[in-house]
Amino acid sequence: MHRLADYIHYLFSSDKEFRRKLRRILGFYPREVSVYREALMHRSLNYHRQGNQKKDNERLEYLGDAIIEAVVSDILYHQFPGKKEGFLTSVRSKIVQRSSLNRLAKETGLVDLIQSTHINRTHNSFIPGNAFEALVGAIYLDRGYAWCYRFFKHRLIGKHIDLKQVAKEDDNFKSKLIEWSQKTQFAVVFELVDENTVGTNSPTFRSRVCIEGMEFGSGFGYSKKESQQLAAKEAMRHIRKKDEVYRKAVEHFDARTAPVATPTEEVQEQIPEASSEPIETSTAEA
């Protein structure tokens, strides 16, 4: 009955095209279309309400972020009975991370509906993912939690999110690299090479990782964490291959950790062994 009412409302609406595109993504016709339009407005448009109140999707993004975390936690809790908190937290973090939400926005076609002055928004690692969070916030305001759950369960899980595959993946390359360095005692340092935060809504970062003073990998990302993860991923590839870069690091490590003789030991090596023959002495004549 509700679906029939939503369809009739759609037939007599003046914005059929927008509603139709949303239905293709959501699986249902929206009721409060205005909240979905707001969810797709990036702040770069500089829209304003009365009283110069800014109109963009940042508030809905904040709401959607919390709803997504709750929905994904709910789904994982029932999908993996008996699994401990650490496992569930790890899988959830992979699903809700910025790169994953960015991918969902692109694969569902949501990115084509985003209103932004950024021409290259499809290559921006913030705008699509933020809009996806705002979309979920809009669903919550329009239909409630149950429809947010249904959206993830029936429109995303399986088609765009393979829970079993996500559970198998271990993509925390920085953590793995640090663990490796602790076991091997190799010196590992992460360095921020470049940071661009001026005059842009989406800052960029470039980081590198050095092992034994030599660069093992670099990474570019839209957060410091993302750039470090990509740099660590490249470093782990050198370590697994044991290539020339890795071999040079081993040589430096061996030279750095080789035992060094103490000054006392060096002096003792230069002193000849004492003779066992008696030493002749002379006495002055009286």
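Here are some friendly notes on this predicted model, set out point by point.

1. **Confidence.** Since you will be looking at a predicted structure, let's begin with how sure the predictor is. The mean pLDDT of the protein is 83, with 77% of the residues reaching 70 or more. One stretch to treat separately is residues 281-286, where the pLDDT is below 50. In the model, that stretch has zero contacts beyond near neighbours in sequence.

2. **Overall make-up.** The protein has 13 helices and five strands. Of its 286 residues, 37% count as buried. The protein exposes about 18000 Å², and 50% of that is supplied by carbon and sulfur atoms. Among contacts with a separation of 6 or more, 53% are between residues 24 or more positions apart.

3. **Leucine 104.** This residue sits in helix α6, which covers residues 98-107. Leucine 104 counts as buried because its relative accessibility is 0%, and the cut-off for buried is under 20%. Which residues does leucine 104 touch, leaving aside its neighbours within four places in sequence? The contacts are with Phe132, Leu156, His160 and Ile161. You may also like to find glycine 129 from here: leucine 104 and glycine 129 are 25 residues apart in sequence, while their C-alpha atoms are 7.7 Å apart in space.

4. **Arginine 98 and glutamate 133.** Helix α6 comes up again here, as arginine 98 forms a salt bridge with glutamate 133, at 3.6 Å from N to O. The pair links distant parts of the chain, with arginine 98 in helix α6, glutamate 133 in helix α7 (residues 127-143), and their positions 35 residues apart. Is each partner buried or partly exposed? Arginine 98 is partly exposed, at 26% relative accessibility. Glutamate 133, with a relative accessible area of 3%, is buried.

5. **Glutamate 17 and lysine 21.** Within helix α2 (residues 16-26), glutamate 17 and lysine 21 are four residues apart, so about one helical turn separates them. Their side chains meet in a salt bridge, 3.9 Å from N to O. Glutamate 17 counts as partly exposed at 41% relative accessibility, and lysine 21 is also partly exposed, with a relative accessible area of 31%. The pair belongs to a network of salt bridges that links Glu17, Arg20 and Lys21.

6. **Arginine 208 and glutamate 215.** Another salt bridge joins arginine 208 to glutamate 215, with the closest N and O atoms 3.2 Å apart. Arginine 208 has a relative accessible area of 28%, so this residue is partly exposed. Glutamate 215 is partly exposed as well, its relative accessible area being 43%.

7. **Salt bridges as a group.** How many salt bridges does the structure hold? There are twelve, and the pairs described above are among them. As background, side chains of opposite charge can pair when their charged atoms come close.

8. **Glutamine 229.** A polar side chain rounds off these notes. Glutamine 229 is found in helix α11, residues 224-241. Why does glutamine 229 count as buried? Its relative accessible area is 16%, and buried means under 20%. The side chain of glutamine 229 makes a polar contact with the side chain of asparagine 172, at 2.9 Å.

How values were computed: Residues numbered from 1 in each chain as written. Predicted model: local features only at pLDDT ≥ 70, side-chain atom pairs only at ≥ 80, totals over all residues. Heavy atoms only, no water. Helix = DSSP H or I, 4+ residues; strand = E, 2+ residues; numbered from the N terminus. Buried < 20%, exposed > 50% of the residue type's maximum accessible area, 1.4 Å probe, protein only. Contact = heavy atoms within 4.5 Å. Polar contact = N/O pair within 3.5 Å; in protein donor to acceptor, adjacent residues only side chain to side chain. Salt bridge = Lys/Arg side-chain N within 4 Å of Asp/Glu carboxyl O. pLDDT = per-residue confidence, 0-100. Areas by Shrake-Rupley, 256 points an atom, 1.4 Å probe, with all protein chains shown as cover.
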